[in-house]
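Work through the exercises below with the sequence and the structure side by side. Each one sets a task and then solves it step by step.

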Amino acid sequence: MSWEEDFRRRYPCPCGEGEYEEITNSDDWGRSETHYEILCPKCKEKYVYDHTVIGGHPGDEIIRGWVLKSVLEAEQKHRKNVEDTAKTLYFEIWEKKFRGVKTKKQMWEALTLNGKYYPSLGIFYKHTKGYTEEELINYIDNFFKYHDLKRVFEVCEIEPNWKYLDANEKEIQRFTPDDLTMIFIGS
């Protein structure tokens with residue numbers, strides 16, 4: 001029951017002077033995985049393969065592919081800055097939503113907006129079984145992340161100050177709460 005290599009393919013690398021290799025493996029359980037390795041020394045220093053899905057449909061996704069390491073680092077730094085600024089501005093509101101809540105189910109309802117977001121109630125109970133109130137709050141606080149800011153703003157019932165967050169147009173579209181009756185804070 002081990003992974004076996006199915007095939008290797010070579011393609012021109014981003015600079016066009018060398019190549020990269022696509023290696024696909026599978027196992028007896030029907031799982032498969034693909035790895036990418038740059039063979040060009042020039043590109044190996046500059047590029048990294050980004051598996052982020054940027055479009056398409058399930059089963060036919062378009063992957064971002066090779067990207068400059070400097071671009072990826074700048075994007076990660078930007079996301080960290082947006083998350084840190086959001087925490088500075090709104091984390092107190094987030095925590096107030098969960099402090100003093102009497103039951104785990106009420107906490108789950110607040111965290112997921114009655115099941116709109118992950119986790120399901122059963123998974124929530126499974127993840128938090130035996131937790132003290134403090135451990136439960138720490139678990140919930142872990143959902144205050146960049147990729148989940150739309151949920152954060154909906155739970156907090158706010159429209160954030162996008163300029164102060166330094167959010168770009170894609171982020172504003174992605175993280176704008178669905179409910180337009182939110183409280184507007186510093187817009």
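**Exercise 1.** Find which residues E22 is in contact with, leaving aside its neighbours within four places in sequence, and decide whether E22 is buried or exposed.

Solution. In this predicted model, start by placing E22, which sits in strand β2, residues 19–26. Next, leaving aside the neighbours within four places in sequence, list the contacts of E22, which are F7, R8, R9, Y11, T34, H35 and Y36. Finally, turn to accessibility: the relative value for E22 is 13%, and because buried means under 20%, E22 counts as buried.

**Exercise 2.** Describe how the chain as a whole is built and how far it is spread out.

Solution. Begin with the secondary structure, which comes to 8 helices and 7 strands. The radius of gyration is 21 Å, well over the 16 Å that the globule rule gives for 187 residues, so the chain is more spread out than a compact globule. Then take the box filled by the C-alpha atoms, which is roughly 60 × 45 × 30 Å along the principal axes. As for burial, 32% of the 187 residues are buried, and the chain exposes about 12200 Å², of which carbon and sulfur atoms supply 51%. Last, consider the charges: the mean positions of the 28 positive and 35 negative charges are 3 Å apart.

**Exercise 3.** Identify the residues that touch the most other members of the largest nonpolar core, and say which helix supplies the largest share of this core.

Solution. The largest nonpolar core has 27 residues, and those touching the most other members are W94, F98, L149 and F153. At least two residues of this core come from each of α2 (69–96), α3 (104–112), α5 (133–141), α6 (149–156), α7 (162–165) and α8 (169–175). The largest share, 5 residues, is supplied by α6. Apart from this core there is a second, separate one of 7 residues, including C13, Y20, I38 and C40.

**Exercise 4.** Explain why α6 can be called largely enclosed, and trace what covers its buried residues.

Solution. First count the burial: 7 of the 8 residues of α6 are buried, so this helix is largely enclosed by the rest of the structure. The buried residues are L149, R151, V152, F153, E154, V155 and C156. Their cover includes α2, α3, β6 (158–159), α7 and α8. Now look at F153, which lies in α6 and counts as buried at 0% relative accessibility. From C-alpha to C-alpha, F153 and F175 are 7.8 Å apart in space, although 22 residues separate them in sequence.

For α5, the buried residues are L136, I137, Y139, I140 and D141, and their cover includes α2, α3 and α4 (121–128).

**Exercise 5.** Locate the cis peptide bond that joins Y118 and P119, and then examine the positive phi values of L113 and D166.

Solution. Recall that most residues other than glycine have a negative phi, and that most peptide bonds are trans. The bond joining Y118 and P119 is cis, with omega about 0°, and P119 lies in the loop between α3 and α4. L113, which is not a glycine, has a positive phi of about 55°, and it is placed in the loop between α3 and α4, where it is partly exposed at a relative accessible area of 27%. D166 has a positive phi near 60°; it is found in the loop between α7 and α8 and counts as exposed at 53% relative accessibility.

Note on methods: Residues are numbered from 1 along each chain as its sequence is written. This is a predicted model: local features need pLDDT of at least 70, side-chain atom pairs count only at pLDDT 80 or more; totals for chains, interfaces and linings use all residues. Side-chain values use heavy atoms; hydrogens and water are left out. A nonpolar core is a set of buried Ala, Val, Leu, Ile, Met, Phe, Trp, Tyr and Cys residues joined through side-chain atoms within 4.5 Å. Buried means under 20% relative accessible area, exposed over 50%, partly exposed in between (1.4 Å probe, protein chains only). Helices (H or I, at least four residues) and strands (E, at least two) are DSSP runs, numbered from the N terminus. Contact means heavy atoms within 4.5 Å. The radius of gyration is taken over C-alpha atoms; the globule rule is 2.2 Å times the number of residues to the power 0.38. Accessible areas come from the Shrake-Rupley method with a 1.4 Å probe; for residues, only the protein chains shown count as cover. Lys and Arg count as positive and Asp and Glu as negative; His and the chain ends are not counted. The place of a charge is taken as NZ of Lys, CZ of Arg, CG of Asp or CD of Glu.
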